[in-house]
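Got your viewer open? Load the model, pick a cartoon representation and keep the selection box handy.

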Amino acid sequence: MGRLLVIATVLVATTAACGVSPMGRRQLLLLSDDAVDQQGTALYAQYKRDVPITKSTRDQKYVTCVTKAIAAEVSEGDIPDSWEVNTFEDDTPNAFAIPGGKIGVHTGLLDVTDNADQLAAVLGHEVAHVLARHSNERASASQATNVVLAGAQASGYVDPQLMNVFGMGAQYGVILPYSRTHESEADLMGLDLMARAGFDPRQAVVFWDNMDEAAAQSGGQAPPEILSTHPGSATRKKDLNDRMPHALELYEQARAQGKKPRCTR
Ligand SMILES: [Zn+2]
């Protein structure tokens, strides 16, 4: 009886630990969605205590408009289609989306995005990290991080390393880049997502051109999350362009359905 029970337990554990990303890649997921969502929510609360929210209602409205359009295309299991979004007063061109349905955009990002389509490209990418459960995968891959996670849960103390797992570390002076695999996945999923929301996917590539320029000029600034791996923007742009015909189809369909978000800063 004992042996049967062990086999059954191992089967259950294995089933719980394995997942498949929306792009069809096998994943090791050791944490429950609830646990990750709770951590994300706690980290976001900490972030709001540490970083001032902009007083510009114009910027808040603009970012909320783009977020709502993107979020309307997100429906997968228990991942929420309503997200809390805030624009933080910070000159670094950063943004993040974290489990629990939380989004942060820095005012510095608004200065390097020319239009709502480009902001949608960034938010699509960040939301894709959440949809693909990349935080869970990162935490699962690191035994050290699991210990930190447990400690944070027990004490309420938020370790910068934990912020890192959720892609929020730049504010705290530490950056744990997403892997190239995660970045590529987020790029392609994000492109589809923005296109389905009615944003012009071609602007994602224009945004990358802008970021290349900004990165060349920034010297020493904390790089935005999406630049943190330096996978080579030429490769990224090529991959985006390879998927562009598909994204443009989604875009045309969205526009035909009347999805024409009018978000202006
Ligand atoms: Zn990313």
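This tour goes from the whole chain to a sheet, its helices, the cores and a few single residues.

**The whole chain**

What you have on screen is a predicted model. Colour by secondary structure and you should find 11 helices and five strands in the protein chain. The chain has 265 residues, and 51% of them count as buried. If you like contact maps, take the contacts with a separation of 6 or more: 73% of them join residues 24 or more positions apart.

**The three-stranded sheet**

Now select strands 3, 4 and 5. They make an open sheet in the order 3-5-4, and the pairing is mixed. Strand 3 (84-88) and strand 4 are the edges, each pairing on one side only. Ignoring direction, neighbouring strands here are turned by 10 degrees against each other on average.

Start with the parallel pair: strand 3 and strand 5 are joined that way over five bridges. Show Asn86 as sticks and look across to strand 5, where Gly104 stands opposite.

Then go to the antiparallel pair, where four bridges link strand 4 to strand 5. Here Ala97 sits opposite Ile103 of strand 5. The two strands form a hairpin with three residues between them, and Gly100 in the turn has a positive phi of about 100 degrees.

Which residues cover the two faces of strand 4? Put Ala95 and Ala97 on one side, Phe96 and Ile98 on the other; all of these are buried. That fits the usual pattern: in a regular strand, side chains alternate between the two faces of the sheet.

**Thr87, inside strand 3**

Select Thr87, which belongs to strand 3. Buried or exposed? Its relative accessibility is 0%, so Thr87 counts as buried. Draw a distance from its C-alpha to that of Gly104: they are 17 residues apart along the chain, yet separated by 5.9 Å. Beyond its neighbours within four places in sequence, Thr87 is in contact with several residues, including Ile53, Thr54, Asp59 and Val105.

**Helices against the sheet**

Bring in helix 3 next. Helix 3 packs on the sheet and touches strand 3 and strand 5, its direction making about 140 degrees with that of strand 3. Then add helix 5, which lies across strand 4 and strand 5 and runs at about 35 degrees to strand 4.

**The cores**

Time for spheres. The largest nonpolar core has 47 residues, and those with the most contacts inside it are Val66, Ile70, Val105, Leu119, Val127 and Phe199. Elements that give two or more residues to this core include helix 3 (57-71), strand 5 (102-106), helix 9 (180-196) and helix 11 (233-256). Which element gives the largest share? Helix 5 does, with 10 residues.

Zoom in on Val105. Leaving aside neighbours within four places in sequence, its contacts include Val63, Asn86, Phe88, Leu119 and Leu123. There is also a second, separate core of eight residues; among them are Tyr47, Val51, Phe96 and Ile98.

**Helix 2 and its two sides**

Select residues 33-50 for helix 2. This 18-residue helix reaches 26 Å from its first C-alpha to its last, close to the 26 Å expected at 1.5 Å a residue. Colour Ala35, Val36, Gln39, Gly40, Leu43, Tyr44, Gln46 and Tyr47, which are buried. Why call that a side? They cover an arc of only 170 degrees around the axis, which puts them on the same side of helix 2. The spacing follows a general rule: an α-helix has 3.6 residues a turn, so residues three or four places apart point the same way. Rotate the view and pick Asp34, Gln38 and Arg49 on the other side of helix 2, where they are exposed.

**Last stops: Arg133 and Asn136**

Go to the loop between helix 5 and helix 6 and select Arg133. Its phi is near 55 degrees, a positive value in a residue other than glycine. With a relative accessible area of 21%, Arg133 is partly exposed.

Asn136 is in helix 6 (residues 134-141). At 3% relative accessibility, Asn136 counts as buried. Apart from neighbours within four places in sequence, Asn136 is in contact with Leu29, Leu30, Leu31, Ser32, Asp33 and Val36. Val36 also appears among the buried residues of helix 2, so leave both helices displayed and finish there.

Technical notes:
Residues numbered from 1 in each chain as written. Predicted model: local features only at pLDDT ≥ 70, side-chain atom pairs only at ≥ 80, totals over all residues. Heavy atoms only, no water. Expected span 1.5 Å × (residues − 1). Buried < 20%, exposed > 50% of the residue type's maximum accessible area, 1.4 Å probe, protein only. Arc of directions from axis to C-beta. Core = buried A, V, L, I, M, F, W, Y, C linked by side-chain atoms within 4.5 Å. Contact = heavy atoms within 4.5 Å. Pairing = 2+ DSSP bridges. Axes fitted to C-alpha atoms, helices over the stretch in contact; angles between N-to-C directions.
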